[in-house]
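The following exercises concern the open and enclosed spaces of a protein model and the packing of its interior. Each task is followed by a solution in steps.

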Amino acid sequence: MSGNRSLALFLWVLLAVLLLWVAQPVWVSWLQATSGNQPRAITARGDLAADEQATIAVFERNSPSVVYITTVERVLNLWNRNIREIPQGTGTGFVWDNAGHIVTNYHVVEGHDTAKIRFADQSVFEADVVRASPEHDLAVLRLRDMADTPPPVQIGSSSDLRVGQNVLAIGNPFGLDHTLTSGIISALRRSIDAEEGGSMDGLIQTDAAINPGNSGGPCWTVLGV
């Protein structure tokens with residue numbers, strides 16, 4: 001008997017919850033009306049400032065050409081003779097020209113002859129490392145298949161840069177989506193020690209955040225690279 005009562009009580013509670021859910025628009029509106037609380041009006045967004053428009057234009061024009069780079073290690077399973085691909089290094093790169101060349105940091109592809117390139121539409125292409133300069137931490141890859149790749153990024157001159165100019169950095173960490181960070185040019189003609197010995201000279205220093213996975217991504221001033 002107690003079991004029947006418990007089941008009946010459960011069914012009544014379930015029915016009450018369903019009725020409240022179905023009637024939610026009605027009783028919520030009634031509570032708002034009786035309490036004097038009305039939904040807040042949404043303030044329309046004002047016009048974008050000129051610098052905001054310039055930043056948005058740089059990002060929308062160039063981000064499709066900023067790619068996610070993955071290197072893999074092919075490992076043979078001795079038991080079943082299957083070959084698995086194990087991810088190794090990851091980073092960002094960008095389309096340099098219409099010949100399928102991709103530029104990135106050398107440490108992103110270090111120790112590998114090939115890499116996988118993923119674009120914003122999640123299409124993946126194989127690429128070969130065709131040039132590398134460890135002393136400058138730069139590498140150039142070339143796509144094996146160039147079908148439907150986005151146009152090259154916009155490039156400019158670094159010879160007339162000034163300390164204090166705004167800088168934008170676009171990355172593609174983890175291949176999920178693009179990121180945009182900003183800062184300023186902090187210094188020019190900097191030198192740092194290179195991992196391969198010697199030094200890298202004539203560098204541009206910026207305080208724009210370069211997050212994990214963004215290595216190899218491009219930087220722009222609002223008027224160019």
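**Exercise 1. The largest pocket**

Strand E3 (101-104), strand E7 (166-171), strand E8 (179-193), strand E9 (199-206) and strand E10 (219-221) each contribute at least two residues to the lining of the largest pocket in this predicted model. Determine which of them supplies the largest share of the lining, and describe the pocket's volume and composition.

Solution.
- Step 1: E9 supplies the largest share, with seven residues.
- Step 2: The volume of the largest pocket is about 1300 Å³.
- Step 3: The lining comprises 39 residues, and those nearest the pocket centre are Asn105, Leu203, Ile204, Gly217 and Cys219.
- Step 4: By class, the lining residues are 21 nonpolar, 15 polar and three charged.

**Exercise 2. The enclosed space**

State how many cavities of 30 Å³ or more the structure holds, and identify which residues line the largest cavity.

Solution.
- Step 1: One cavity reaches 30 Å³ or more.
- Step 2: The space in the largest cavity is about 40 Å³.
- Step 3: Its lining is formed by Val95, Asp97, Asn98, Gly100, Phe119, Leu143, Thr149 and Pro150.
- Step 4: Four of these lining residues are nonpolar, three are polar and one is charged.

**Exercise 3. The nonpolar cores**

Establish which members of the largest nonpolar core touch the most other members, and which elements give two or more residues to this core.

Solution.
- Step 1: The largest nonpolar core has 14 residues, and Ile69 and Ile117 touch the most other members.
- Step 2: Two or more residues come from each of strand E1 (66-76), helix H4 (106-109), strand E4 (114-118), strand E5 (124-133) and strand E6 (138-143).
- Step 3: E6 provides the largest share of this core, three residues.
- Step 4: Beyond its neighbours within four places in sequence, Ile117 contacts Val67, Tyr68, Ile69, Ser123, Val124, Phe125, Ala127, Leu141 and Leu143.
- Step 5: Another core, of eight residues, lies apart from the largest one and includes Val58, Val66, Val153 and Leu168.

**Exercise 4. The two faces of E4**

Assign the residues of E4 to a covered or an uncovered face, and describe how E4 is joined to E5.

Solution.
- Step 1: In a regular strand, side chains alternate between the two faces of the sheet.
- Step 2: Ala115 and Ile117 form the covered face of E4, whereas Thr114, Lys116 and Arg118 form the uncovered one.
- Step 3: E4 and E5 run antiparallel and are joined by five bridges.
- Step 4: Ala115 has Ala127 in E5 as its bridge partner.
- Step 5: The two strands E4 and E5 make a hairpin with five residues between them, and Gln122 in the turn has a positive phi of about 70°.

Terms used:
Residues are numbered from 1 along each chain as its sequence is written. This is a predicted model: local features need pLDDT of at least 70, side-chain atom pairs count only at pLDDT 80 or more; totals for chains, interfaces and linings use all residues. Side-chain values use heavy atoms; hydrogens and water are left out. On a 1 Å grid over the protein atoms alone, a cavity is a set of points where a 1.4 Å probe fits but cannot get out, and a pocket is an open set with protein on both sides within 12 Å along at least five of seven lines; lining residues have an atom within 4 Å of a point. Grid points are joined across faces, edges and corners, and a volume is the space filled by probe spheres set on the points. Helices (H or I, at least four residues) and strands (E, at least two) are DSSP runs, numbered from the N terminus. Ala, Val, Leu, Ile, Met, Phe, Trp, Tyr, Cys and Pro count as nonpolar, Asp, Glu, Lys and Arg as charged, and the others, Gly among them, as polar. A nonpolar core is a set of buried Ala, Val, Leu, Ile, Met, Phe, Trp, Tyr and Cys residues joined through side-chain atoms within 4.5 Å. Buried means under 20% relative accessible area, exposed over 50%, partly exposed in between (1.4 Å probe, protein chains only). Contact means heavy atoms within 4.5 Å. Two strands pair if DSSP finds at least two bridges between them.
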